[in-house]
Amino acid sequence: MDERAELRNTTDVEIGAYEVVSDEEIEEILMKYDRESAYRRIPGVFSIAVSVIAIAFSLFQLYTAAFGVLPAQIQRAVHLGFGVALTYLLYPATRKGAHKLAWYDVCLAVLAVFVMSYPVWNFHPLLIRAGAYTRLDIVIGAIGILVVLEATRRVVGIPILTVVTVALAYCYFGRYIPGFFQHRGASLQRLVSHMFYTTEGIFGIPLGVSSVFIFLFILFGAFLEKTGIGQFFIDISNSIAGHAAGGPAKVAVITSAFEGTVSGSSVANTVGSGSFTIPMMKRLGYRPEFAGAVEASASTGGQIMPPIMGAAAFLMAEFIGVPYLQIVKSAVIPALLYFAGVFIVVHLEAKKTGLRGLERDKLPRFWKIMRERGQLFLPLVIIVYLLVTGNTPMKAALWGLVVAVLSSFLSRATRMKRGDIISALEQGARNALGVVIACAAAGMIVGTVTLTGLGLKLANGLIELARGQLLPTLMFTMLTSLVLGMGAPTTANYVITSTIAAPALLKLGVPAIAAHMFAFYFGIVADLTPPVALAAMAGAGIAKANPLKTAVESTKLAIAAFLVPYFFVYSPSLLLLGNVPWTHTLRVVAGALLGMLGLGAGVEAWLITNTTVVERLLLFVGGLSLIHPSVTTDIIGLAFIGAVYFMQKMRTTRKIAQTGASA
């Protein structure tokens, strides 16, 4: 909260005039909709102990990044040991214990350290007797699974806990399930050993990526926050779009795109920038529901924005088996199209309701901001440069962190003090806990797939339901991902959707990156769609709006962007795959933008003026026609949208002429 207080004092825009949300309200909203922010505030000596453990966690990760990663199972066990212990110390079992450290939480933290240390101290004996585990091994493993499940409930939430519990039950009771979901089942010993002592369960790929890459990028983000980069993004966005029609809404979209490069939570992103942009939107005449929806839809898009993509980019690279840089390249155009889709609908709403922008003399000056704080871009530039030149994400994150600290000293306004560095080490560990636990839990979902073949069974079921046709399969996969993504944090969201929903698309010949991106994209959009819609609910809390109406508005705002995954499945050139001429990619991008304009105008019932029922129907059909990038569908889409444009142009011209004549 310190950063937000500082931002209020330093911002160039007169935010005080716009009903700024209080720190208490922000904290209450975060605790309600973002479980990762709901940790207890421990007083006294225990607070110091927790801080020391958190700092030690960050230093361990920095040490292994700088001097070499430990063997996989040891690295992951130590990583999870820190994560689970801190979870029990920071996250209460119930809301009643929000400000009190219970004795049983300390006991659970100690138990977690012991259980996660067991594979470390017995590393070689476990390797030697692999497949012939002792009774003690199984007991420790079972306790380890239960420890992770309870930590998941506390920091990640009930939805992901439910999915993991059902997955474990499916492994054990598989022989009793009728139909094509049936499998031979797994004994308790087989289930525990697979989930706890192999690299296909808790200590699988998700936790491995967390222990090597993701933590460092989260820590990097914590250091950037201490330099004031959040306010820097807001000021840059205000200088670019604050004066335009519906300025604050467009500022929200641009700010969220910037924040998405380093953010790992759509809810935190919504609350962070929304505490400034939503009051400004309301001040200028936006309906509270629409103001909250703009910030929620834009902030959710931050999770698909490279280079981090809510930490899912690293997991995707490991799951698919392609270089991380390829994932980043493939995600660029879809992410920009998503924000373009939201931007289009925001612009149409502003024109439809006659909403103005902020006064230019109250806006920050772009070049002044760049002179004073432009060095804050340096860490991001360094990371991109190192990735492009073939360095590992771990090295890029490490150097980005170092440059973040050094570049802060180039200006008094951004300079980090010793206390800021220590605080960033602690905050980075705290911020990572949700991801660490989510990755451990998600590992059990992956373990279920490898143990039972569930992914293939679901893929066959979806394809059979769609009768082998691609478009119906895409639609069923979209619905499956929307359901599976409800209430799940970004990393767990990707693991669930990629292992359960994406295999159906792979069987139909969709490129791996396109299939995984498609499922992940709609899993993320679940943060906007009712009934869960966590980002929309957070936006409604700040806007003091009706939550359900805000969720519906968020879905409407992102509806044009719902086309983007279909675009890149039918035209993988949008993902920059293969040697496709740039002219073809440009044509597909232009078609995608036009399609989103048509669909957005249909939803808003406005293009350059109010639409008739027939015009609205033409806009919908024209927008949907542009999903498939063929010459025929492009001509149909262009003709329909163009026809509406010319009809409205003639109508407005005639109206102006009649008004002039009557005057």
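1. Aromatic pairs. This predicted model holds 25 aromatic pairs. One of them is formed by Phe522 and Tyr566: the ring centres lie 6.1 Å apart and the planes meet at 65 degrees, so the pair counts as edge-to-face, the cut-off for that class being over 60 degrees.

2. Placement of that pair. Phe522 belongs to helix H25 (residues 512–525) and Tyr566 to helix H28 (residues 564–570). With their positions 44 residues apart, the two rings link distant parts of the chain. Phe522 and Tyr566 are both buried.

3. Ring cluster. Phe522 and Tyr566 are also members of a cluster linked by ring pairs. Its other members are Tyr338, Phe339, Phe518, Tyr521 and Phe568.

4. Fold and dimensions. The chain contains 31 helices and zero strands. Its radius of gyration is 25 Å, and the globule rule gives 26 Å for 663 residues; the two values are close, so the chain is as compact as a globular protein of that length. Along the principal axes, the C-alpha atoms fill a box of roughly 95 × 60 × 50 Å.

5. Burial and contacts. Of the 663 residues, 59% are buried. Among contacts with a separation of 6 or more, 77% are between residues 24 or more positions apart.

6. Surface and charge. The exposed area of the chain is about 26,400 Å², and carbon and sulfur atoms supply 66% of that area. The chain carries 50 positive and 35 negative charges, and the mean positions of the two sets are 4 Å apart.

Conventions. Residues numbered from 1 in each chain as written. Predicted model: local features only at pLDDT ≥ 70, side-chain atom pairs only at ≥ 80, totals over all residues. Heavy atoms only, no water. Helix = DSSP H or I, 4+ residues; strand = E, 2+ residues; numbered from the N terminus. Rg over C-alpha atoms; globule rule 2.2 N^0.38 Å. Buried < 20%, exposed > 50% of the residue type's maximum accessible area, 1.4 Å probe, protein only. Contact = heavy atoms within 4.5 Å. Areas by Shrake-Rupley, 256 points an atom, 1.4 Å probe, with all protein chains shown as cover. Lys, Arg positive; Asp, Glu negative; His and termini not counted. Charge placed at Lys NZ, Arg CZ, Asp CG, Glu CD. Phe/Tyr/Trp six-rings, centres within 6.5 Å; stacked < 30°, edge-to-face > 60°.
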